[in-house]
Amino acid sequence: MSMYTGLSCLILYSVLCGFVNTADISTCHNGWLAFEGSCYLFGETAAHFTEAEDFCRKHHNSHLVHIDSDLENKFIKDHLRDHQTHSWWMGLTDQDIEGVWKWFDTDTVAAFTDWDPSQPDPSEEDCGVFWLAFDFKWGDVPCTSSFPPICEMGSLENPGVIGK
Ligand SMILES: [Ca+2]
Ligand SMILES: [Ca+2]
């Protein structure tokens, strides 16, 4: 191998390495939005709560979104305000014990909440949405209502993170 060829190989190798490094930087699958170690998919098809969760499972084994913080809530709401089309499912339900709101993915009681002052209202409404008419503050609706899902999964360099 001539010195020239060796140098060419070195340059080619650097370019390839650069490409691989660039690929590593993308933290979410195509069509998902990245934020603070999570990836989010905004589904296009309205479905019941359970079907919406199934939709997320079928997309990289994600779950309906689990809101941990004011920051995460603001990120989602800002995105929804850009569209203003309809309400969206989140992974929040009090189906097990009336009035105890738990995240579906971790079965833990919600620490942070952003209910509209009128919600949750006493009724057979056991599933949570980002409610269009309340500027995407949270409301509870019958789980058999139909809304599109928001799915969440850990980012690709951080796949073990659940409920972040
Ligand atoms: Ca309600
Ligand atoms: Ca989260």
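## A tour of the model, starting at α2

Right after α2 comes His60, whose phi is positive, near 60 degrees. This is a predicted model, so a word on confidence helps before we go further. The protein chain has a mean pLDDT of 87, with 80% of its residues at 70 or more. Over residues 9-25, however, the pLDDT is below 50, and this stretch makes zero contacts in the model beyond near neighbours in sequence.

Back to the helix. Phe49, Ala52, Glu53, Phe55 and Cys56 are the buried residues of α2. Because they cover an arc of only 150 degrees around the axis, they lie on the same side of α2. In general, an α-helix has 3.6 residues a turn, so residues three or four places apart point the same way. Arg57 and Lys58 are exposed, on the face of α2 turned away from its buried side. What lies over the buried residues? The cover includes β3 (63-64), β4, β7 and β9.

Now for the sheet. It is open and has five strands, in the order β6-β5-β4-β7-β8, with antiparallel pairing. At its edges are β6 (108-109) and β8, each of which pairs on one side only. Three of the pairings can be set side by side:

| Strand pair | Sense | Bridges | Facing residues |
|---|---|---|---|
| β5 and β4 | antiparallel | two | Lys102 and Thr93 |
| β4 and β7 | antiparallel | three | Trp88 and Phe130 |
| β7 and β8 | antiparallel | four | Cys127 and Val141 |

Is β4 buried or exposed? Six of its six residues are buried. Trp88, Met90 and Leu92 point one way from the strand, while Trp89, Gly91 and Thr93 point the other way. Such alternation of side chains between the two faces of the sheet is what a regular strand shows in general.

Helix and strands come together in the largest nonpolar core, which has 30 residues. Those with the most contacts inside this core are Leu64, Trp89, Met90, Val129, Phe130 and Ile150. At least two core residues come from each of β2 (38-42), α2 (49-58), β4 (88-93), β7 (127-130), β8 (138-141) and β9 (150-154).

Ile150 makes a good last stop. Which residues does Ile150 touch, leaving aside those up to four places away in sequence? They are Tyr40, Phe42, Leu64, Val65, Ile76, Trp88, Trp89 and Met90.

Conventions:
Residues numbered from 1 in each chain as written. Chains lettered and ligands numbered in written order. Core = buried A, V, L, I, M, F, W, Y, C linked by C-beta atoms within 7 Å. Buried ≥ 20, exposed ≤ 12 C-beta atoms within 10 Å, placed from the backbone. Contact = placed C-beta atoms within 7 Å. Pairing = 2+ DSSP bridges. Arc of directions from axis to C-beta. pLDDT = per-residue confidence, 0-100.
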